[in-house]
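Hi there,

Here is the structure I promised to pass on to you. Please open it beside this email, so that you can follow along as you read.

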Amino acid sequence: MDFPTFFQHLSNGISLGSLYALIAVGYTMVYGILRLINFAHGDIFMMAMYFAFFSITLFHLPWYIAIVVVILITSVLGMLIEAAAYRPLRDAPKTSVLISAIGVSFLLENLATYIFSGKPKSFPEFTYMTSTVQFGPVSVQRVSLLTPVVTLAALAILLYIINRTKLGMAMRAVSKDYETARVMGIKINRVIAATFAIGSGLAAIGAIMWGVKYIRIEPMMGVMPGLKCFIAAVIGGIGNPVGAVLGGFILGMGEVLLVAFISQLTGWRDAFAFVALILVLLIRPTGIMGEKTTEKV
Amino acid sequence: MKKILAVLLCMTLSVGLLAGCGSKAATTGTAAADDVIKIGVFEPLTGGSAAGGELEVEGIKLANQMHPEVLGKKVELIIVDNKSDKAESATAVSRLIDQGVVSIIGSWGSGYSIAAGDVIKKAEITAVGTSCTNMMVTKGNDWYFRVCFIDPFQGKIMANYAFTRLGAKTAAIIQEVSNDYSVGLASYFKDEFIRLTGDANSIVEIANYNTGDSDFSGILTNVKAKNPDVIFAPGNFTESAQVVKQGKKLGITAPFIGGDTWETGEFIDVGGADVEGAVFSTFLFDEQAPLNDKAAKFIEEYKKVYPDKTIAAVTALGYDSYIFTLDAIERAGSTDPVAIQKAMASTAGFEGITGTFDITADGDADKDIAAIKEVKNGEFVFKETITLK
């Protein structure tokens, strides 16, 4: 393999990985606080893409307003899901909440099929963002250059919120032990709602980038990215935002490099992600950055 | 509180009773309607292939409007959705059979047709494929027929096009590995291209992807590094459009060519300016040059319903498969499945709007002409026809 080809693969991997990272953060935040794998997260990502599609094609919002509107609507959707499907089960066994999450996932997929029709739609093309920049023989789309920057910026803001603000302190407290946090006067429902809002907002950013880059939108498209990003979160150490971003990059890069070096296996790249999940769970269940936690009673 | 509950319970029960009556009335209604002949249609109406299914249903419905009767009875279409899913296809066909259809039409997408094939064979009911071109649809199944050409032929057509018209000496293949149609077509293309060039290494790369994938940058980078003269990328229209689009973004200049599935509006919607110049083989149907009076009549009727739409070849195949079914029932003189099967198998010189054909021993239409179309200014433009014996 010559150098230009290698760098082309590398840039593809970084761009895919940073998209995974944005979505993986949402998984990891919810898990960190509720010990819940929010299987509806991939479908929230899908809904965000439809919101973006309709706000631009139907309501003709300029893109800079559309982005804000889509992030807000998606955050509200995340909070609504939490209030309707998870909050009533706050004191129920963890399995019930997990099943509720799977239910929400199916509900969103079928709702989207019903409302938006099962036919794929194509995202309005931002020619500036999709046009390419040449670095010698390597060509990279502008959106692919932007994605890692946005991902890292989002991570920095998130870390600031978690470590430096009152809300973040409350989040950390709830994640350690929400019973005690409640006793200490923290309004845990509000903290959890905020967590869902932030996670869904990041999924919305990811969705817009994804839409600009890959164009196609359909109701089932949240499933595979959702599962992949869940894997990314596990690889990084679920519950840890930095780990999720790292996991996203590792998974995206790994997939592309698998295609690059063992091109006969390209049909197996999804399988590769799941094999990675099994290996991580077997060898290092806490992931790269996860802390060992003792099971709480 | 208890009283309210009791009242509610009473109401629910009585409503249930009434509903029971209602459904009973409905069953007697259909049983009495012996003068209706039901023809089942299974097509992808939701999911990844929905756009293709919709085009075919358009043609089938229009055919039904134009020819609503056979054997002096009214024909009723029962259309079910196979959800672009192989497992759902078998279920969809079972549902049709339960509803007492005398014959079945469908489906866009060979994979769905193959998946339904076993149910059709076991139920011993005839089925007519619209645009499912894979060999396995009719092979070993006496009950499945089709009105379109088959992939060994289509693969040869595109290999010939690449070799003679484009002057290609090397080719890369990008195939949708979970799609029977794509893999089948790609392998016929490969065999013929190697035969034409006489060079076993003329296929420089075979790259795989899965249905529903969004990111093709990895495989396309590999293809670009091999620098082929032409890229053959048959597959579902949305994925294919993304392949072409991302290929162009990576700076690939070699032409992308494909198969009949590309001819759906979504291919252009998703691909935009990047699919300009994409060339593919498809079924013979050109609305500017109807093959016969029937075709002219069909075009006229179609334009009444959809004045602004260009007629897709698969829509015409939808029409042909319906007329083919009606013709067989007419010749069988009854709705007995065995009689219909015999009539279909012995079809000779059937004049459809996509060409005149006989049915071969395998149950295929012996078509030897394909159309080549190109994307130009956001539309599918008829380029030429290629005949291969």
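Below is what I found, going from the contact between the chains to a helix pair and then to a single residue.

Before you start, please keep in mind that this is a predicted model.

**Where the two chains meet**

The contact between the chains takes 27 residues from chain A and 29 residues from chain B. On the chain B side, several elements each give at least two residues: α2 (50-66), β8 (203-209), α7, α8 (237-249) and α9 (265-271). Which of them supplies the largest share? That is α7(B), with 6 residues. Sorted by type, the side of chain B that touches chain A has 15 polar, 9 nonpolar and 5 charged residues.

**One helix pair across the contact**

Now look at helix α1 of chain A, which covers residues 3-34, and helix α7 of chain B, which covers residues 217-226. Their axes come within 9 Å and cross at roughly 170°. Because an angle over 145 degrees counts as roughly antiparallel, α1(A) is roughly antiparallel to α7(B). If you want to find the place on screen, pick T5(A), Q8(A), H9(A) and N12(A) in α1(A), which meet S217(B), G218(B), T221(B) and A225(B) in α7(B). The residues of this contact are 7 polar and 1 nonpolar, with no charged ones.

**The same helix inside chain A**

Helix α1(A) also packs against helix α6 of chain A (residues 142-164), at an angle of about 35° and with the axes 8 Å apart. This crossing of α1(A) and α6(A) is left-handed. From α1(A), the residues making the contact include I14(A), L19(A), L22(A) and V25(A), while α6(A) brings P148(A), A154(A) and L158(A), among others. Here the contact residues divide into 8 nonpolar and 6 polar, and again none is charged.

**A residue to zoom in on**

Finally, go to V80(B), which sits in strand β3 (residues 73-81) of chain B. Is V80(B) buried or exposed? V80(B) has 22 other C-beta atoms within 10 Å, and 20 or more is what it takes to count as buried, so V80(B) is buried. Leaving out residues up to four places away in sequence, V80(B) touches F42(B), A92(B), R95(B) and L96(B). L96(B) is a nice one to check yourself: it is 16 residues from V80(B) along the chain, yet the C-alpha atoms of the two are separated by 7.6 Å.

Enjoy exploring, and write back with any questions!

Best wishes

Notes:
Residues are numbered from 1 along each chain as its sequence is written. Chains are lettered from A and ligands numbered from 1 in the order in which they are written. This is a predicted model: local features need pLDDT of at least 70, side-chain atom pairs count only at pLDDT 80 or more; totals for chains, interfaces and linings use all residues. Axes are lines fitted to C-alpha atoms, for helices over the stretch in contact, and angles run from 0 to 180 degrees between N-to-C directions. Helices (H or I, at least four residues) and strands (E, at least two) are DSSP runs, numbered from the N terminus. Angles under 35 degrees count as roughly parallel, over 145 as roughly antiparallel, 65 to 115 as roughly perpendicular and the rest as oblique. Two residues are in contact if their C-beta atoms, placed from the backbone, lie within 7 Å. Ala, Val, Leu, Ile, Met, Phe, Trp, Tyr, Cys and Pro count as nonpolar, Asp, Glu, Lys and Arg as charged, and the others, Gly among them, as polar. A crossing is left-handed if the near helix is turned anticlockwise from the far one by less than a right angle, and right-handed if clockwise. A residue is buried if 20 or more other C-beta atoms lie within 10 Å of its own, exposed if 12 or fewer, and partly exposed in between; C-beta atoms are placed from the backbone.
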